[in-house]
Amino acid sequence: MTLKDKFHEELKNFIVSTSWTHKIHAKYSDFLSYLSIVLKTIQIGGSALTSSGVIAIITKEGSFWFKISVAILSFITVFVSAIDKNLNLEEKLLKEKEFTNEFYRLKEKALRLLYQIHYDESPNYIIIEKEFNMLFNRKLEFGSKLSNVPDFVVNKARNSLKEKRDNDYTDDYSYCIPKELLTNNNIQNKRKDD
């Protein structure tokens, strides 16, 4: 196995592993965000309804069952508030977003190294190895801080990665890149002219 083959394989494995971690924690971040919104909505709605119910009780309006309903709603609102505070979703969400962004950066930097190995005629393997080791150590550092993610989130990430083909931009080139820049014919023609 040549040095180029060795780095090529290591980088491919690193990119796949990092992409999976990124996608899993991106989906976990989405889940935490959704859960936070649901809990906040219940708290706000419950508080508003409880307040209006208490006002009705104070003004001596409403039946016995109305008063029981206000008491139950008040209990649910306090219970949901306690769950929200106990779960500390805002802090977890910020942490997950940080991890998601870091793993995305690691993946993109490794992809850049893979491009270098693949397209450069004589890549500098000493620099590539140094950069790869820095990426690998950074991944280990952040990997040790990751939270455990529920299985349903992992399954959602698996489906998302496989269905969306995150790294296949073939259909999108014509939308984002001018037609004359889609191929490298100009570069090849220049080389022939030289």
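Student: Which residue's side chain meets K12 in a salt bridge?
Tutor: A salt bridge here is a side-chain nitrogen of Lys or Arg within 4 Å of a carboxyl oxygen of Asp or Glu. The model is predicted, so local features need pLDDT of at least 70, side-chain atom pairs count only at pLDDT 80 or more, and totals for chains, interfaces and linings use all residues. Residues are numbered from 1 along each chain as its sequence is written, and side-chain values use heavy atoms, with hydrogens and water left out. At 3.0 Å, N to O, the partner of K12 is E9.

Student: How far apart along helix α1 are K12 and E9, in helical turns?
Tutor: Helices are DSSP runs (H or I, at least four residues), strands are E runs of at least two, and both are numbered from the N terminus. K12 and E9 both sit in helix α1, three residues apart. Because of that spacing, the separation is about one helical turn.

Student: Is E9 buried, partly exposed or exposed?
Tutor: Buried means under 20% relative accessible area, exposed means over 50%, and partly exposed lies in between (1.4 Å probe, protein chains only). E9 has 34% relative accessibility, so E9 counts as partly exposed.

Student: Which residue's side chain joins K6 in a salt bridge?
Tutor: The two residues lie four apart in helix α1, about one helical turn. K6 is partly exposed at 30% relative accessibility. The N to O distance is 3.2 Å, and the partner is E10.

Student: Which two helices are linked by the E102 and R138 pair?
Tutor: The side chains of E102 and R138 meet in a salt bridge of 3.0 Å, N to O. The pair links distant parts of the chain, 36 residues apart: E102 and R138 lie in helices α3 and α4.

Student: Is E102 buried or exposed?
Tutor: E102 belongs to a network of salt bridges with R105, R138 and E141. R138 is partly exposed, at 33%. E102 has 7% relative accessibility, so E102 counts as buried.

Student: How many salt bridges does a search of the whole structure find?
Tutor: The E10 and K6 pair is a salt bridge, and so is the E102 and R138 pair. The search of the whole structure gives a total of seven.

Student: How many helices are in the protein chain?
Tutor: Read along the sequence, the pattern is α-α-α-α-α-α-α. There are zero strands, and the helix count is seven.

Student: How much accessible area does the nonpolar surface patch have?
Tutor: Patches are made of residues with over 30% relative accessible area and no salt bridge; like charges are joined within 9 Å, nonpolar side chains (Val, Leu, Ile, Met, Phe, Trp, Tyr) within 5 Å. Areas come from the Shrake-Rupley method with a 1.4 Å probe, and for residues only the protein chains shown count as cover. The patch is formed by I42, F64, W65, I68, I72, F75, I76, F79 and I83, with a joint area of about 920 Å².

Student: Which helix gives the most to the nonpolar patch?
Tutor: I83, one of the patch residues, is partly exposed at 31% relative accessibility. The main contributor supplies eight residues and spans 64-87: helix α2.

Student: What does α2 span from its first C-alpha to its last?
Tutor: The expected span is 1.5 Å times one less than the number of residues. α2 has 24 residues, with 34 Å expected. The model's span is close to that, at 35 Å.

Student: Which residues does Q43 touch, beyond those up to four places away in sequence?
Tutor: Contact means heavy atoms within 4.5 Å. Q43 is found in helix α1 and is buried, with a relative accessible area of 15%. In α2, the buried residues include T77, V80 and D84. Q43 touches T77, V80, S81 and D84.

Student: What is the phi of N88?
Tutor: N88 lies in the loop between α2 and α3. Most residues other than glycine have a negative phi. N88 has a positive value, near 55 degrees.

Student: Which helix has the lowest confidence?
Tutor: pLDDT is the predictor's confidence in each residue, from 0 to 100. The chain's mean is 83. Where pLDDT is low, the predicted coordinates should not be read in detail. Confidence is highest in helix α4, at 92, and lowest, at a mean of 47, in helix α7.
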